[in-house]
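Hi everyone, thanks for coming. Let's take a look at one structure together, and I'll talk you through how its pieces fit.

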Amino acid sequence: MKLKKLALRTRIFLAMILLVLLASVLISAVAIYQYKEQSQDYHKGRLERKEGSIQTHLKRVLNGRQNTWEIKTENIPFIFKDEIYNVADIHKLQINLYDLDGGLLISSKAGLQDTNADKCLDAEIMNALTQYVEFNNASEIALHRYVDKHKENGETFQSSYTYITDNRSKPIAILNIPYLEKDDFLSKELQEFLQRIGFAFMLVLLTAIAIAFLLSKYITKSLKTISDKINTTRLEKRNERIEVDDTSEEISALVNAYNSMIDELEESAVQLARSEREQAWREMAKQVAHEIKNPLTPMRLTVQNFQRKFNPEDEKIHSKVDEYSKTLIQQIDTMSSIASAFSNFAKMPAQQNETLNVVKIVKLALDIFNEDYIFFTADSEEIIAKFDRTQLIRVVTNLVKNATQAISGDQTPKIVINVEQSNGDVIISVADNGSGVAEENIDKVFEPKFTTKTSGMGLGLAMVKNIVETYKGNISFVSEKDKGTTFKVTFPKE
C-alpha cells in the first residue's frame, strides 16, 4: 500500500513509532561504537601502564644492591635470571628481553628459548624502534616504541617493544610485553547496558504508541468533524457552522475558513433562491399571459362581429346568438383549462402513503382511454406499494396521453403499458411507436413550458417528474427517431 493512500491518523502513528525505533537503533549503534572505542582505549592505556610499571621494576633490579653484574647487554640474562619470573608474576604478564640486534636474551615463558620462531625479532620491528617523529618546529625525536597488533584464533593480541636503558639512558636491551585483550568484563558491561537500554526503549515505545494514538486521534478528530460537515454541506439547505474547542492554530484557521465559506454560501443561496423565484414568477407570468391572450383574441373578434352585425329584426338572430355564445363558451373553457393546468402544476403532491395495488390503479387510469391500440401487461395481478391513488392516476394518464399525441397518422399506432417489480421497486413503463424525441429536445423534455405540440402548455411531463421525485423515485426515457419512445417510472414500494 502506498504511503500517500494511508489515512493521516495512520501516518502520524507510524511516523512516531518509526521515530522511536530509529532513535533506539541509533543510540544502540552509538553505544556499541562507544564500547569499541572505550575498549581500545582501555587496552591501550592498560598496556602502557603495565609497560611503565615493568620498566620501573626492571630498572630497580638493574640498580639494586643485589645486582653484582655490570650493566650491559651481555649480562642481562644473568641479571634477570631469577627476577624476571618474579616481575612477570607480579604484573601477570609475560616478559621477553632481546638484545639490540633482536636476539632473544631471556623470557619469563618457560621453553621460549628453545622456540626458533621467537628467538629473533623481525626487521620491521627493529626499524620501527628507530623511527623518528617530526614536530612543527622541524625538530625530530625518536619514538623507540612499537606496538604490534594481530589476531590469533579469534583473539586479539598486542605486543609492545621498547628499550631498556642504563643510568646514562643508553639502550642496553629491548623489552617485549605480549598482551592479550580480554573483553569479558567490558562485554558483560555492554550486554548489561544494552539490556537496560532495551527495557527503557520498550517502555518508551509503549509510551510512544499510547501518545501517538492519542495525538493522532486528537489531530484527526477535528479534521473528521470538518470532513463530515463538508460532506453534508448543501446549497439548498441551511448548513451548520463548526464549533471546535481547544484546537491548534492550523485547525482553527481551517475551521474559520469553513465557517466563512458557509456564511458566504448561505448568503449566495438566499440571493440565488430569490433570483430564481423572481425569474420563475416572471416566466410563469409570461406563460400565463401568453396562454390567456390566445382565447381572448377570438373572443374579442366574436363580440365585435356580433356587435357589428346585430339586427333585432333578423329572422336568424337566435341561431346567430347561439353560435356566438358557443364560441365564447368554448374559449372560456379553454381559459379555465389553462388555469387548472397551472394550478395543478403549482400544487406539490403530498405523500399520503396509501397502500394500494399498483396493477389495479393503472388499469383504472387506462379506462378513460378508448383507443384500441393501447395494451396493458403486468408481471402479476397484484403489486402492492405505498403511493397516492390520485397522483398515480395523474402520472399514468399524462404519460399515456403524451404517447397518443406522439403517434403520427401514417403508421399503425401501438402503445404498451407494463407494470413490474424489481429489487423492492415498482417499475411502470409506457412505450409507443411514435415519431420519437428529436436529439436537440432530449434535455428539454421535463422542462416546464416545453412542448412540441401546437396545443397544450408543456406542463404534463414536468408535473409527472415532480410527483415521482416527491415519492423518492425517478423517471427516464429512451427514444429513437421515427421508431418510438419508452418512458420508465421507478419508485420504491415502501
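So, here's a starter: how many bridges join S13 to S14? Seven, and those two strands run antiparallel. If you want a spot to click on, find Ser479, which stands opposite Thr485 in S14. One thing to keep in mind throughout: this is a predicted model.

Okay, let's zoom out to the sheet. S13 and S14 belong to an open sheet of five strands, in the order S9-S11-S12-S14-S13, with mixed pairing. At the edges sit strand S9, residues 374–378, and strand S13, residues 474–480, and each of these pairs on one side only. On average, neighbouring strands here are turned by 15 degrees against each other, ignoring direction. If you're new to this, strands of a sheet pair through backbone hydrogen bonds, either parallel or antiparallel.

Now for S12. On one side, strand S11, residues 415–422, pairs with S12 in the antiparallel sense over eight bridges. Val419 has Ile428 in S12 as its bridge partner. S11 and S12 make a hairpin with two residues between them, and in the turn you'll find Asn423, with a positive phi of about 50 degrees. S12 also pairs with strand S14, residues 484–492, again antiparallel and over eight bridges. There, Ile427 stands opposite Thr490 in S14.

Why can we call S12 largely enclosed by the rest of the structure? Because six of its eight residues, in the stretch 425–432, are buried, and buried means under 20% relative accessible area.

What else is around? Helix H9, residues 389–406, packs on the sheet and touches S9, S11, S12, S13 and S14. The direction of H9 makes about 20 degrees with that of S12.

Let's finish with the cores. The largest nonpolar core has 40 residues, and the ones touching the most other members are Val358, Leu399 and Ile428. Yes, that's the Ile428 that partners Val419. Elements giving two or more residues to this core include helix H8, residues 358–366, and helix H10, residues 460–470, along with H9, S11 and S12.

Try selecting Val358. Leaving out residues up to four places away in sequence, Val358 touches Ile383, Ala385, Leu392, Val419, Val426, Ile428 and Phe491. Apart from the largest core there's another one, of 21 residues, and among them are Phe80, Ile84, Ile106 and Ile177.

That's my tour. Who'd like to drive the viewer next?

Definitions and conventions. Residues are numbered from 1 along each chain as its sequence is written. This is a predicted model: local features need pLDDT of at least 70, side-chain atom pairs count only at pLDDT 80 or more; totals for chains, interfaces and linings use all residues. Side-chain values use heavy atoms; hydrogens and water are left out. Buried means under 20% relative accessible area, exposed over 50%, partly exposed in between (1.4 Å probe, protein chains only). Helices (H or I, at least four residues) and strands (E, at least two) are DSSP runs, numbered from the N terminus. Two strands pair if DSSP finds at least two bridges between them. Axes are lines fitted to C-alpha atoms, for helices over the stretch in contact, and angles run from 0 to 180 degrees between N-to-C directions. Contact means heavy atoms within 4.5 Å. A nonpolar core is a set of buried Ala, Val, Leu, Ile, Met, Phe, Trp, Tyr and Cys residues joined through side-chain atoms within 4.5 Å.
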